[in-house]
Amino acid sequence: MISPAILLHLQPGHKTDRLLKTKRYKIGIIGLGYVGFPLACLFATRHEVVGYDINALRVSRLNSGADDTLEVGSDTIAAALRGGMRCTTDLDGLRDCNVYIVTVPTPIDGNRQPDLTPLVEASRSIGRVIGHGDIVIYESTVYPGVTEEICVPLIERESGLRLNHDFYAGYSPERINPGDKVHTVENIKKITSGSTPEAADEIDALYNSVLKNGTHKAPSIKVAEAAKIIENTQRDVNIALMNELAKIFNAMGIDTGDVIEAAKTKWNFIDIRPGLVGGHCISVDPYYLIQRAKLSGVLPRVMTEARRINDSMGDYVANQAIKLMNLNDVRVKDSRILLLGFAFKENCPDTRNTKVIDIYHTLAQYTPHITIHDPWVDAASVSRDFGIDLQSAAPQPGRDLFDCIILCTAHDTFRSMDLRSLLRDRGVIYDVKGVLPAGSYDRRL
């Protein structure tokens, strides 16, 4: 139901008048990737939904019932489509919506600076279709201030409408964890916020209409933006500490995994493992806060160093594997190496900002004979985006033999493989993820 505060500013004849008679929301989701499409399907269980994306192939696949990210099952998609959800590349398809939710990517550029281009274009697009009394909610990860200082002015300029007089805004940060079938969007607790107390109440109620575990209503949009960005920044710093400790213990000849197993017997020790930090959240979001901190006159030393450490781990892993081969009298030059996994995390096809590519590039300086196998990842996409070839078929014992195997991604299928049967004499196994049983690897991170 449209809030009383918003009703005060409605003008007779506008599209919201028609919506008031039915007391129904029509929600437009802008951006149908890992965040937007699961959210669209969830809202479609209770509300009318239109999904919008500029990727025509993606839209076509979704309308046919297939989600290539594997985040949403075919039964859920079919139910949403039967319920009236539709996906489109036509901006006019959003014109009758009264709520717009923005879920576009917020990447970094080649200089590791925030790239707000998708957010800017989405805001301009909304400005072309928004009407009096409508609500715009942003879910894309940003630094505090982006919604009100960058996005909303673009909508105002494009539409001629004024915030908190003609339309309202909110921020409810996404918390999608790719590949996680437990913490799915309907099961997580969502942060909500609004540009006025009344708008905040309405946005909070809207999300509560579909969520199982409720919401936390933040006191302001900036607080909600800041809360989201520190969630991933905190994890980035914690992993960086463990990566630095792993380097120290490896140099001392101590197994880091054994150290963690001993330390976690204390009740307040936090069990965080070293590893590669990729994906679109932890490896990207801190750069947004780092830049904003510098603009505010604060030099964020801990966050900056954490990013430097975690961004260097692909090269470190490759050099550790090279050292391991040398110690085992394996000739590194022209050696045959198998990288198991290319996705940035286990049991999902997501390759965004994968650090396996860094391992590959370092090893490629020594040998051209590098095989990458990942049954979860689309080989054509990797070829297009990274310029390398993936082997689709699993390596076969007796036919495919390697001097070094590096377990880069902990897909379940890899854990049951007999990796020793794929090794040449004196071949070595390096376990980046620390998931292989004791005795089945030669070294782990």
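The paragraphs below lead through this predicted model, beginning with a parallel sheet and ending with individual residues in loops.

Because the model is predicted, local features are described where pLDDT is at least 70 and side-chain atom pairs count only at pLDDT 80 or more, whereas totals for chains, interfaces and linings use all residues. Residues are numbered from 1 along each chain as its sequence is written, and side-chain values use heavy atoms, with hydrogens and water left out.

A convenient place to start is the open sheet, in which 5 strands follow the order E10-E9-E11-E12-E13 with parallel pairing; strands and helices here are DSSP runs numbered from the N terminus, at least two residues for a strand (E) and at least four for a helix (H or I), and two strands pair if DSSP finds at least two bridges between them. The edge strands, each pairing on one side only, are E10 and E13 (443–444).

Strand E9, residues 337–340, pairs in the parallel sense with E10 (residues 370–373) over 4 bridges, and with E11 (residues 402–407) it also pairs in the parallel sense over 4 bridges. Towards E10, Ile337 stands opposite Ile370, while towards E11 Leu338 stands opposite Ile405 and Leu339 stands opposite Ile406. The side chains of Ile337 and Leu339 point one way from E9 and those of Leu338 and Leu340 the other way, and all of these residues are buried, a term that means under 20% relative accessible area, with exposed meaning over 50% and partly exposed in between, for a 1.4 Å probe and protein chains only.

The connection from E9 to E10 involves helix H14 (residues 356–363), and the three elements make a right-handed β-α-β unit; right-handed here means that, with the strands pointing away from the viewer, the path from the first strand over the helix to the second runs clockwise. Helix H14 lies across E9, E10 and E11 and runs at about 175 degrees to E9, where axes are lines fitted to C-alpha atoms, for helices over the stretch in contact, and angles run from 0 to 180 degrees between N-to-C directions.

Which residues does Phe414 touch, once its neighbours within four places in sequence are left aside? Phe414 belongs to helix H16 (residues 412–415) and is buried, with a relative accessible area of 1%; its contacts, meaning heavy atoms within 4.5 Å, are with Leu340, Gly341, His373, Asp374, Pro375, Leu407 and Thr409.

A second right-handed β-α-β unit is made by strand E5 (residues 135–138), helix H7 (residues 146–159) and strand E6 (residues 168–171). Strands E5 and E6 pair in the parallel sense over 4 bridges, with Ile135 opposite Tyr168. In E6, Tyr168 and Gly170 point one way and Ala169 and Tyr171 the other way, and all are buried.

Turning to helix packing, H9 (residues 221–252) and H11 (residues 285–295) meet at an angle of about 110 degrees with their axes 8 Å apart, and are therefore roughly perpendicular to each other; this description covers angles of 65 to 115 degrees, while angles under 35 count as roughly parallel, those over 145 as roughly antiparallel and the rest as oblique. The contact is made by Lys228, Ile229, Ile230, Asn232, Thr233 and Asp236 of H9 together with Asp285, Pro286, Tyr288 and Leu289 of H11. These residues divide into 5 nonpolar, 2 polar and 3 charged, where Ala, Val, Leu, Ile, Met, Phe, Trp, Tyr, Cys and Pro count as nonpolar, Asp, Glu, Lys and Arg as charged, and the others, Gly among them, as polar.

The buried residues of H11 are Asp285, Pro286, Tyr287, Tyr288, Leu289, Ile290 and Ala293, and they pack against H9 and helix H12 (301–311). Just after H11, Gly297 takes a positive phi of about 85 degrees.

Positive phi values also appear in residues other than glycine, among them Asp329, near 60 degrees, and Asn353, near 55 degrees. Asp329 is found in the loop between helix H13 (313–327) and E9 and is exposed, with a relative accessible area of 58%. Asn353 lies in the loop between E9 and H14, and at 35% relative accessibility it counts as partly exposed.
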